[in-house]
Amino acid sequence: MQSAVPVSDSVYWVGVNDRRTALFEAIWPLPRGVCYNSYLILDRKVALLDTVKEISLSGYLEKLKETLGPERKIDYLIIHHLEPDHSGSVPVLREIFPQMKIVGNKKTAEFLGRLYGIKHGVEVVQDGDELELGKRKLKFLLTPMVHWPETMMSCESAAKILFSGDAFGGFGTLDGGIFDDTLDIAYFEDEILRYFSNIVGRYASMVQKAMTRLKDVQVKIVAPTHGPIWRKHPERIIDLYDRWSRYEAEEGVVIAYASMYRSTERMAEAAAEGLSEQGLAAVRVHNVSQSHVSYIIRDIWRYKGLILGSPTYDTKVFPLMDSLLRLLETKMVKKRVVGIFGSYGWAGGAVKAMTEFVKNSGLELVEPAVEAKFAPDAGEIEQCRQLGRNMARYIRESST
Ligand SMILES: Cc1cc2nc3c(=O)[nH]c(=O)nc-3n(C[C@H](O)[C@H](O)[C@H](O)COP(=O)(O)O)c2cc1C
Ligand SMILES: [Fe+2]
Ligand SMILES: [Fe+2]
């Protein structure tokens, strides 16, 4: 068990690392685990901010006991977000500290009743309400739908800590260091984008609303419920989140393709060559049968261009490509330019279906859409290169 770590005077990180769960929310892979951050404020009153998933309960309780000492009890449990990765330990804590008030908003109270049957001892706060703890107070900022309806943040008055819930958080355990200046932050930035694009991105407009509200708040430390605590460069993660939620993209292209017998794969290689010929270095090629979709969606969120390739399979797009398209639809990715290619055996269908997908999603198409009957011939390979060149030029022109 990692011990409690001071974040500021009398504010402690009491989170836990989880290296056992393979798939977060039963879908997103965790190659380097995940952590559930929880914070304890020991002022005249004691406040616990969020809890951890119930599988990590025993280590968590030990850490809480050690940090509280024999005398002190928890007065308030603040719930910024009720998803069970943070609220799983609430029922047990309620039993240990029966007098503890649970603080949330109207939606939190409703969900607490439905999820855990907890109906009493809940204090409902409104946007802008403050909770005095002694020297410190917490001001609540309701940020609904980032990414559940009850999500809220709180700002601590003395050290200017923003307890942000899932916002600004990502995958990966905190291996020793817990701050942005004490761990390999580039890795975490990638994982925060993977978390954002796959879990929060659909609600980008609500994130933008929250970002607007944060402009009036002085923040020196960002303390999310997953991933590093930002104390050296809090402005860095706030700026990244602002850009991601405005769909701002970097100059680069993702090629996502499916291929059973390499015809479509050869077309993908040719498109990549075309991009490179035009001097584009940021090219990420994903075989949808190999890369987990969460990494593909992350890269699509990062880069301006997307090129999709699929064979026709039972008159349709290849199933795993179809699954990527459905997820893209759900995540409501915007402001991207898309190119398309595919191979078929007799009647085709995949290229047409992908073209329709792009048009229905309001994304922009780059020509030519290339279709090859079985193995692509030299002309079709050249067309794929041309698609790559056109895409690179388009991206360059649109970002100048
Ligand atoms: C299970 C299966 C189903 C297929 N269904 C169709 C189809 O409905 N229509 C069609 O035109 N081609 C169909 N094909 C042919 C493939 O689209 C064609 O072989 C293509 O070149 C495969 O590309 P790949 O080498 O990139 O996998 C099918 C092939 C397989 C193996
Ligand atoms: Fe969540
Ligand atoms: Fe979470």
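Glutamate 83 is buried, because its relative accessible area is 8% and residues under 20% are counted as buried. This residue opens a report on a predicted model, in which two metal sites, one larger ligand's surroundings and a few unusual backbone spots are taken in turn.

## The two iron ions

Glutamate 83 is one of the donors of the iron ion (ligand 2), which is coordinated by His81 (NE2), Glu83 (OE), His147 (NE2) and Asp166 (OD) at 2.0 to 2.3 Å. Read along the chain, these donors follow the spacing H-x1-E-x63-H-x18-D. The site is irregular, with angles of 89 to 170 degrees among its 4 donor atoms. Glutamate 83 sits in the loop between β9 (76-78) and α2, while aspartate 166 sits in the loop between β15 and α5, so this pair ties together parts that are 83 residues apart in sequence.

The iron ion (ligand 3) has its own set of protein donors, namely Asp85 (OD), His86 (NE2), Asp166 (OD) and His226 (NE2), which lie 2.1 to 2.3 Å from the ion. Their spacing along the chain is D-H-x79-D-x59-H. Here the 4 donor atoms subtend angles of 79 to 164 degrees, and therefore the arrangement around the iron ion (ligand 3) is irregular. As a point of reference, ideal angles at a metal are 109.5 degrees for four tetrahedral donors.

The table sets the two sites side by side.

| Ion | Protein donors | Donor distances | Angles |
|---|---|---|---|
| Iron ion (ligand 2) | His81, Glu83, His147, Asp166 | 2.0 to 2.3 Å | 89 to 170 degrees |
| Iron ion (ligand 3) | Asp85, His86, Asp166, His226 | 2.1 to 2.3 Å | 79 to 164 degrees |

Which residue coordinates both the iron ion (ligand 2) and the iron ion (ligand 3)? Aspartate 166 does so, and the two ions are 3.4 Å apart. Distant parts of the chain are linked here by a pair of residues: histidine 86 belongs to helix α2 (residues 84-87), whereas aspartate 166 belongs to the loop between β15 (161-165) and α5 (185-200), and the two are 80 residues apart.

Is aspartate 166 buried or exposed? Aspartate 166 is buried, because its relative accessible area is 2%. Histidine 86 likewise counts as buried, since its relative accessibility is 1%.

## The surroundings of ligand 1

Ligand 1 is surrounded by 18 residues, and the closest are Ser259, Met260, Thr264, Thr315 and Ser343. Sorted by class, this shell has 8 nonpolar, 8 polar and 2 charged residues. Among the elements that each supply at least two residues of the shell are helix α8 (263-277) and the strands β20 (312-313) and β22 (337-344).

Polar contacts can be followed atom by atom. A polar side-chain atom of serine 259 lies 2.6 Å from an oxygen atom of ligand 1, and a polar backbone atom of glycine 345 is 3.1 Å from a nitrogen atom of the ligand. Alanine 347 also takes part through its backbone, where an N or O atom lies 3.0 Å from an oxygen atom of ligand 1. On its own, ligand 1 has 650 Å² of accessible area, and the protein covers 86% of that area.

## Unusual backbone spots

Most residues other than glycine have a negative phi, and most peptide bonds are trans. Some places in this model depart from that pattern.

Histidine 147, a donor of the iron ion (ligand 2), is joined to valine 146 by a cis peptide bond with omega of about 20 degrees. Histidine 147 is found in the loop between β13 (137-142) and β14 (152-156). A cis peptide bond also joins glutamate 367 and proline 368, with omega of about -5 degrees, and proline 368 has its place in the loop between β23 (364-365) and β24 (370-373).

Glutamate 25 is not a glycine, yet its phi is positive, near 50 degrees, and this residue is found in the loop between β4 (23-24) and β5 (28-29). Its relative accessible area is 36%, so glutamate 25 is partly exposed. Aspartate 314 also has a positive phi near 50 degrees and lies in the loop between β20 and β21 (316-317). Aspartate 314 counts as exposed, because its relative accessibility is 63%.

## A buried lysine

Lysine 63 is found in helix α1 (residues 57-68). Although its side chain belongs to the charged class, lysine 63 is buried, with a relative accessible area of 1%. Its C-alpha atom is separated by 47 Å from that of glycine 305, a residue 242 positions away along the chain.

Conventions. Residues are numbered from 1 along each chain as its sequence is written. Chains are lettered from A and ligands numbered from 1 in the order in which they are written. This is a predicted model: local features need pLDDT of at least 70, side-chain atom pairs count only at pLDDT 80 or more; totals for chains, interfaces and linings use all residues. Side-chain values use heavy atoms; hydrogens and water are left out. A residue is near a molecule or strand if one of its heavy atoms lies within 4 Å of it. A polar contact is a pair of N or O atoms within 3.5 Å; within protein, one must be able to donate a hydrogen and the other to accept it, and residues adjacent in sequence count only if both atoms are side-chain atoms. Accessible areas come from the Shrake-Rupley method with a 1.4 Å probe; for residues, only the protein chains shown count as cover. Helices (H or I, at least four residues) and strands (E, at least two) are DSSP runs, numbered from the N terminus. Donors are N, O and S atoms within 2.8 Å of the metal (3.2 Å for Na, K and Ca); water is not among the atoms, so sites may look incomplete. Four donors count as tetrahedral if all angles lie between 85 and 135 degrees; four count as square planar and six as octahedral if opposite donors are over 155 degrees apart and all others between 65 and 115; anything else is irregular. Buried means under 20% relative accessible area, exposed over 50%, partly exposed in between (1.4 Å probe, protein chains only).
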